[in-house]
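This report describes the fold, the packing and the charged contacts of one protein chain. The reader is invited to keep the sequence and the structure in view while reading.

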Amino acid sequence: AIDLKKIIDQNFSYPIIAKPEIGLRGQGVGTLGVEKIHSDSELKTYITNTAGKILLEEFLDYKLEFGVFYIRNPWDKSGKISSLMQREFLSVIGDGKTTLEKLVKNHDRAKNYIKDLENRYKENWKTVIEKNRIFNLGNIGNHCRGTKFCDVNHKITKKMEQSFNTISQQFSGFYYGRYDVKANSWEDLEN
């Protein structure tokens with residue numbers, strides 16, 4: 001059993017990310033999946049309704065999110081980034097006349113997640129969204145939340161590969177894997 005008091009006594013700064021140790025595209029096996037948690041009461045609800053072990057992570061509020069696939073032959077000193085993907089979170093843009101509900105129903109991708117979005121944004125569901133306001137419908141980067149994964153391999157640079165070589169070489173026996181990375185700019189990612 002998870003000791004909630006022991007977790008809360010750690011004095012986390014909210015929000016945090018809670019996720020199952022074993023997941024499936026952002027959904028846990030018999031769990032709530034990946035969630036952004038804002039308070040002790042939300043954490044208690046998450047733990048109560050989640051089966052199995054969970055991971056808690058600091059929430060990083062950076063503008064950009066990437067998946068960086070790195071590979072290195074064991075006999076080579078350096079490797080390369082074989083794939084770079086940028087996550088584009090689901091969002092709608094207000095027109096000053098239309099409710100969030102109608103914006104979602106008229107959006108090509110968002111309409112596929114209508115039940116989940118209505119539940120998540122029930123306090124804003126019938127609200128008219130201001131003109132040109134980007135209303136983010138998610139900050140969890142996975143397919144089951146409507147995130148679009150964009151191939152940006154053309155933006156891989158030698159400097160970026162050097163940075164990921166430096167990181168990767170710190171782990172003995174690590175030769176390939178995906179890094180999930182957040183950054184505020186391409187320059188930050190590169191460095």
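## Charged pairs and packing

Arg178 is exposed, with a relative accessible area of 54%. The model in which this value was computed is a predicted one. Asp180 is partly exposed, at a relative accessible area of 47%. A salt bridge joins Arg178 to Asp180, and their closest N and O atoms are 2.9 Å apart. Salt bridges with shared partners connect Glu65, Arg87, Arg178 and Asp180 in one network.

Within that network, the side chains of Arg87 and Glu65 form a salt bridge with an N to O distance of 3.3 Å. This pair links distant parts of the chain: Arg87 belongs to strand E7 (residues 80-88) and Glu65 to strand E6, 22 residues apart. Are these two side chains buried or exposed? Arg87 is buried because its relative accessible area is 7%, under the 20% cut-off for burial. Glu65 also counts as buried, at 10% relative accessibility.

A further salt bridge is found in helix H4 (residues 114-120), which holds both Arg120 and Asp116. Their side chains meet at 3.0 Å, N to O. The two residues are 4 places apart in sequence, about one turn of the helix. An α-helix has 3.6 residues a turn, so residues three or four places apart point the same way. Arg120 is partly exposed at 27% relative accessibility, and Asp116 is partly exposed at 30%.

The table sets out the salt bridges described above.

| Positive partner | Negative partner | N to O distance |
|---|---|---|
| Arg87 | Glu65 | 3.3 Å |
| Arg120 | Asp116 | 3.0 Å |
| Arg178 | Asp180 | 2.9 Å |

In total, the structure holds 10 salt bridges. The protein chain carries 30 positive and 25 negative charges, and the mean positions of the two sets are 4 Å apart.

## The chain as a whole

The protein chain contains 6 helices and 11 strands. Its C-alpha trace spans about 60 × 45 × 25 Å along the principal axes. Of the 191 residues in the chain, 35% are buried. The accessible surface comes to about 12,100 Å², and carbon and sulfur atoms account for 49% of that area. How are contacts distributed along the sequence? Among contacts between residues at least 6 apart in sequence, 66% join residues at least 24 apart.

## Buried residues and their neighbours

Helix H4 also contains Leu117. At 2% relative accessibility, Leu117 counts as buried. What does Leu117 touch, apart from residues up to four places away in sequence? Its partners are Leu90, Val104, Ala110, Trp125 and Leu137. By comparison, Val152 is 35 residues from Leu117 in sequence, and their C-alpha atoms are 28 Å apart in space.

Trp125 is also a partner of Thr99, which is in contact with Trp125, Lys126, Thr127 and Val128 when neighbours within four places in sequence are left aside. Thr99 is found in the loop between strand E8 (91-93) and helix H3 (100-106). This loop residue is buried, with a relative accessible area of 17%.

Helix H5 (residues 158-168) has several buried residues: Met160, Glu161, Ser163, Phe164, Asn165 and Ser168. The buried residues of H5 pack against E6, E7, strand E11 (176-183) and helix H6 (186-190). Leu189 is located in helix H6 and is buried at 5% relative accessibility. Beyond its neighbours within four places in sequence, Leu189 is in contact with Phe66, Val68, Leu84, Met160, Phe164, Val181 and Ala183. Two of these partners, Met160 and Phe164, are among the buried residues of H5. Leu189 and Val68 are 121 residues apart along the chain, with their C-alpha atoms separated by 10.0 Å.

## A nonpolar patch on the surface

Which residues form a nonpolar patch on the surface? Phe69, Ile71 and Tyr176 do so, with about 300 Å² of accessible area together. Phe69 is found in strand E6 (residues 64-71). Its relative accessible area is 30%, and Phe69 is therefore classed as partly exposed.

Note on methods: Residues are numbered from 1 along each chain as its sequence is written. This is a predicted model: local features need pLDDT of at least 70, side-chain atom pairs count only at pLDDT 80 or more; totals for chains, interfaces and linings use all residues. Side-chain values use heavy atoms; hydrogens and water are left out. Patches are made of residues with over 30% relative accessible area and no salt bridge: like charges are joined within 9 Å, nonpolar side chains (Val, Leu, Ile, Met, Phe, Trp, Tyr) within 5 Å. Accessible areas come from the Shrake-Rupley method with a 1.4 Å probe; for residues, only the protein chains shown count as cover. A salt bridge is a side-chain nitrogen of Lys or Arg within 4 Å of a carboxyl oxygen of Asp or Glu. Buried means under 20% relative accessible area, exposed over 50%, partly exposed in between (1.4 Å probe, protein chains only). Contact means heavy atoms within 4.5 Å. Lys and Arg count as positive and Asp and Glu as negative; His and the chain ends are not counted. The place of a charge is taken as NZ of Lys, CZ of Arg, CG of Asp or CD of Glu.
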